[in-house]
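This report goes through the cysteines, the annotated sites and the open space of one protein model. Please look at the structure below before reading on.

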Amino acid sequence: METLTLPGANLAHGTVKLPGSKSISNRTLLLAALAQGTTEIHELLASDDTQRMLEALQTLGIVLTQIAPHQWRVEGSSGSFPVRQAKLFLGNAGTAFRPLTAALALSQGDYELSGIARMHERPIGDLVDALNAAGASIEYLQNPGFPPLHIHPAEINTSQALQVRGDVSSQFLTALLMALPLTGMEARIEVVGELISKPYIEITLNLMRRFGVKVLRDEWRAFTIPARSIYQSPGSIHVEGDASSASYFLAAGAIGQGPVKVEGVGRDSIQGDVRFIEALELMGAVVTTGDNWIEVSAVPGKLKALDLDCNHIPDAAMTLAILALFADGPSTLRNIASWRVKETDRLTAMATELRKVGAIVEEGSDYLRITPPAALLPNAHIDTYDDHRMAMCFSLVALGGVPVTINDPKCVAKTFPDYFERFSTLIHISNSSI
């Protein structure tokens with residue numbers, strides 16, 4: 001297995017331009033494919049997940065042209081995929097698999113959707129149940145409730161509200177919201193239980209508006225797509241920098257004196273993970289923001305421990321788990337049950353790897369309590385579980401002045417292929433520590 005050893009360091013400063021947001025990139029690609037007209041997408045993320053979406057759309061007959069690095073032209077299909085029978089391999093890309101499942105269930109075609117082994121362990125039953133209850137014909141090819149799937153031609157009836165659980169993954173609701181305008185009929189979605197990861201639904205609703213479909217909503221309980229809703233190309237659209245990826249660099253500024261500045265996302269971001277900076281401020285870091293940038297510096301001494309409900313920043317909360325290593329006492333991250341159905345079971349994975357660097361960790365069903373060690377243990381070998389965010393998070397351990405080895409570092413290709421090269425430009429060893 002390939003490994004990468006990062007040397008111990010104690011300073012971080014510099015500027016990083018962020019890659020495009022994965023969540024925005026894959027949503028934008030699908031909406032552009034379903035819209036009337038041609039869309040030019042700028043700053044599209046180049047990663048494994050977006051590559052799976054691009055391949056799937058091409059297989060479905062969508063005409064895609066790369067006109068420059070990170071710039072694509074998408075010729076919309078006016079809501080009807082040209083290819084009505086296909087087999088799609090979607091890797092471990094939940095942002096491709098879930099929305100495509102819903103869109104293809106409404107497409108009067110015969111499709112098989114599969115992914116890597118971990119994708120086949122990630123639940124999709126609540127989405128399939130909602131679609132089948134409305135008349136779709138989706139069959140499980142292996143284990144009930146999980147991919148791979150076989151979608152058969154069927155007529156969807158939206159005269160009754162569709163119901164979907166909100167407490168497993170917000171991607172189920174996103175998938176229904178993006179697909180139901182294809183029916184041309186009024187459609188109502190009712191959320192059963194508490195809706196997690198609400199900021200990701202805000203991203204979905206924001207992008208749907210950009211493509212001409214305005215969803216009516218009753219708080220977070222119900223959503224109505226008006227009859228005769230049609231996706232219309234906005235002509236040109238820019239993808240924001242990835243706020244989740246920004247968290248690693250901003251955390252580096254909070255640990256390693258800083259300042260560290262990220263460009264591509266700012267105070268008015270449509271991404272919920274930009275609120276990570278609020279947690280940084282709670283921990284004592286100095287944060288300044290602009291329209292398209294954020295900068296973070298540390299203050300002398302340790303960071304402040306925190307006890308935080310992290311439902312609004314589920315991905316960036318992983319970075320807080322590493323920051324807890326540098327705090328002045330135990331920190332508790334709450335309401336993170338969704339970690340268990342991500343690229344790996346992140347609750348167990350994070351607890352296991354944090355212990356390798358000396359932390360005392362209490363793992364609950366939906367929380368982690370992290371007590372930092374007096375000194376980080378050097379030369380830990382961090383397993384990454386084929387999870388890009390595990391690899392990126394634990395790079396920050398090096399800023400505690402200890403070497404750390406990342407196993408399978410190339411798993412970052414899912415969202416940020418050159419992450420370690422960018423990170424290495426920021427970290428330094430001060431002369432006083434030599």
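Does Cys-411 count as buried or exposed? At a relative accessibility of 7%, Cys-411 counts as buried. The model discussed here is a predicted one.

## Cysteines

No disulfide turns up when the whole structure is searched; the count is 0. Cys-411 takes part in none, and the nearest cysteine sulfur, belonging to Cys-393, is 11 Å away.

Cys-393 also holds the cysteine sulfur closest to that of Cys-310, but the 12 Å between them is too far for a bond. A pair of cysteine sulfur atoms has to lie within 2.5 Å to be called a disulfide. Cys-310 is buried too, with a relative accessible area of 0%.

## Annotated domain and binding site

An unreviewed UniProt entry assigns residues 13-422 to the domain "Enolpyruvate transferase". In the model this span is 29% helix and 24% strand, and the C-alpha atoms at its two ends are 12 Å apart.

The feature "binding site" comes from UniProt as well, again from an unreviewed entry, and is placed at Lys-22, Ser-23, Arg-27, Ser-169, Ser-170, Gln-171, Ser-197, Asp-315 and Lys-342. Of these residues, Lys-22, Ser-23, Arg-27, Ser-169, Ser-170, Gln-171, Ser-197, Asp-315 and Lys-342 are included in the lining of the largest cavity.

## Two binding-site residues

Ser-170 belongs to helix 5, which covers residues 170-179. Its relative accessible area is 6%, so Ser-170 is buried. Leaving aside residues up to four places away in sequence, Ser-170 is in contact with Ile-196, Ser-197, Tyr-200 and Ile-201. One of these contacts, Ser-197, is itself listed by UniProt under "binding site".

Lys-342 sits in a loop, between strand 19 (331-334) and helix 10 (346-356). With 15% relative accessibility, Lys-342 counts as buried, because the cut-off for that class is under 20%. With residues up to four places away in sequence again left out, Lys-342 touches Arg-118, Arg-122 and Asp-315. Asp-315 is another position that carries the UniProt "binding site" annotation.

## Largest pocket

The largest pocket holds about 360 Å³ of space. Its lining consists of 19 residues, and those nearest the centre are Ile-255, Gly-301, Lys-302, Phe-326 and Gly-400.

What is the make-up of this lining in nonpolar, polar and charged residues? The lining of the largest pocket has 15 nonpolar residues, 3 polar ones and 1 that is charged.

Terms used. Residues are numbered from 1 along each chain as its sequence is written. This is a predicted model: local features need pLDDT of at least 70, side-chain atom pairs count only at pLDDT 80 or more; totals for chains, interfaces and linings use all residues. Side-chain values use heavy atoms; hydrogens and water are left out. On a 1 Å grid over the protein atoms alone, a cavity is a set of points where a 1.4 Å probe fits but cannot get out, and a pocket is an open set with protein on both sides within 12 Å along at least five of seven lines; lining residues have an atom within 4 Å of a point. Grid points are joined across faces, edges and corners, and a volume is the space filled by probe spheres set on the points. Ala, Val, Leu, Ile, Met, Phe, Trp, Tyr, Cys and Pro count as nonpolar, Asp, Glu, Lys and Arg as charged, and the others, Gly among them, as polar. UniProt positions are given in the numbering used here, feature names are shortened, and annotations may be inferred rather than shown by experiment. Helices (H or I, at least four residues) and strands (E, at least two) are DSSP runs, numbered from the N terminus. Buried means under 20% relative accessible area, exposed over 50%, partly exposed in between (1.4 Å probe, protein chains only). Contact means heavy atoms within 4.5 Å.
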